[in-house]
Amino acid sequence: MKIAVVGATGLVGTEILKVLAERNFPVSEIIPVASEKSIGKQVEFKGKQFTVVGYEDAIKMKPAVAIFSAGGSSSLALAPLFAAAGIPVIDNSSAWRMDPTKKLIVPEVNANTITAEDKIIANPNCSTIQMVVVMKPLHDKYKIKRVVVSTYQSVTGTGKAAVDQLFAERAGDDSVAKVYPHKIDLNVLPHIDVFLDNGYTKEEMKMVNETKKIMGDDSIAVTATTVRIPTVGGHSEAVNIEFENDFDLDEVRRLLSETEGVIVQDDPKNFVYPMPINSHGKDEVFVGRIRRDESQKNTLNLWVVADNLRKGAATNAVQIAEYMLKANLL
Ligand SMILES: NC(=O)c1ccc[n+]([C@@H]2O[C@H](COP(=O)([O-])OP(=O)(O)OC[C@H]3O[C@@H](n4cnc5c(N)ncnc54)[C@H](OP(=O)(O)O)[C@@H]3O)[C@@H](O)[C@H]2O)c1
């Protein structure tokens, strides 16, 4: 089938092409779309070159689905045009996530809510996706009351220009265009996305609100501190979860190791725990440092790592397309 990738020249778009190829999605033709400056450029898919086109040409070519990673404002403008032409859109931006008429999907958690009426489907924020994949089996078993999360997020989450800033600074070039308000190399920024009136950042409130929407449970309390660190392989999260009911640590490990898309790496005595350097390029969510919070009853500490460009974006979007294909929705 013909697949449009809108934002095909960007970090997430490039990863979407790789994931479609690796997972052998039945693609007959890739229709790459990017901004006007990239029209005519070539992108590679399975050893073949495809020419970047504008969105109008892409709609005329009638793809079976359009996977968007072109930023919020492009998505607000263009996704409805694809949808109106009957082309389902899976969107990686934040544009539609909290729209009550749109589904926010992590396949392991809530793909079964997608119907033929859903023409624009939102892919959640990267830091939220990896957290809810781990929360879901634990919520089903012990019922989550509250989550306290601190993130350690990769610069790849900001896009190409941020990766350029990190490596230019590392090479001693401070003249590079700054995406962040401060140096990122050898630094830590307690600041992701814009600050809101309540003192939190938009990224932090995405973790709060998107988690409730995906889990379908407004009673789950979430508080987040989101932090940018100078790494590229993936996002890491220290997650503290308080349950309604008590748990058994061995059972927690078993539940997580039996969960699709989750890999338990938890042997601290042998220095085995998840790290972004190992999650890079992988589709799974890695969890380790599984331990009881000894300061409070029914409370668990976890360390969760995933490649934000993969499960946090491209892989999750392609898995939504895979589900829709299986459910005869494409
Ligand atoms: N990076 C992550 O971890 C992550 C995770 C989840 C979601 N997302 C979301 O995914 C989106 C893309 O992120 P990214 O990191 O891939 O950014 P990026 O590397 O800056 O790439 C942006 C892409 O969008 C294209 N684009 C920009 N304006 C366009 C327009 N008007 N029409 C069509 N294409 C347009 C760009 O084309 P040109 O090359 O022609 O400029 C490029 O292909 C953002 O909404 C981001 O929030 C990112």
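This report covers two annotated residues and one strand with its partners. The model is predicted.

**The annotated pair**

An unreviewed UniProt entry places the feature "binding site" at Gln153 and Arg228. The two are spread over 76 residues of sequence, yet they cluster in space, with a largest C-alpha distance of 4.7 Å.

Gln153 lies in the loop between strand 9 (144-152) and helix 6 (160-170). Arg228 lies in the loop between strand 10 (221-225) and strand 11 (235-243).

Buried means under 20% relative accessible area. Gln153 has 1% relative accessibility, so Gln153 counts as buried. Arg228 also counts as buried, because its relative accessibility is 5%.

Beyond its neighbours within four places in sequence, Gln153 is in contact with Arg228 itself. Its other contacts of this kind are Ser127, Ile192, Glu203, Thr226, Val227, Ile229 and His235. Each annotated residue also has a side-chain link:

| Residue | Partner | Distance |
|---|---|---|
| Gln153, side chain | Thr151, side chain | 2.8 Å |
| Arg228, side chain | Ser154, backbone oxygen | 2.7 Å |

**Strand 5 and its partners**

Strand 5 (residues 65-68) is covered on both faces. Val65 and Ile67 are buried on one side, Ala66 and Phe68 on the other.

Strand 1 (residues 2-6) runs parallel to strand 5, and four bridges join them. Val6 stands opposite Phe68 in this pairing. Strand 6 (residues 89-91) also pairs with strand 5 in the parallel sense, over three bridges. Here Val89 is the bridge partner of Ala66. From strand 5 the chain passes through helix 3 (residues 72-84) to strand 6, a right-handed β-α-β crossover.

Notes:
Residues numbered from 1 in each chain as written. Predicted model: local features only at pLDDT ≥ 70, side-chain atom pairs only at ≥ 80, totals over all residues. Heavy atoms only, no water. UniProt positions renumbered as here; feature names shortened; annotations may be inferred. Helix = DSSP H or I, 4+ residues; strand = E, 2+ residues; numbered from the N terminus. Buried < 20%, exposed > 50% of the residue type's maximum accessible area, 1.4 Å probe, protein only. Contact = heavy atoms within 4.5 Å. Polar contact = N/O pair within 3.5 Å; in protein donor to acceptor, adjacent residues only side chain to side chain. Pairing = 2+ DSSP bridges. Right-handed = clockwise from strand over helix to strand, strands pointing away.
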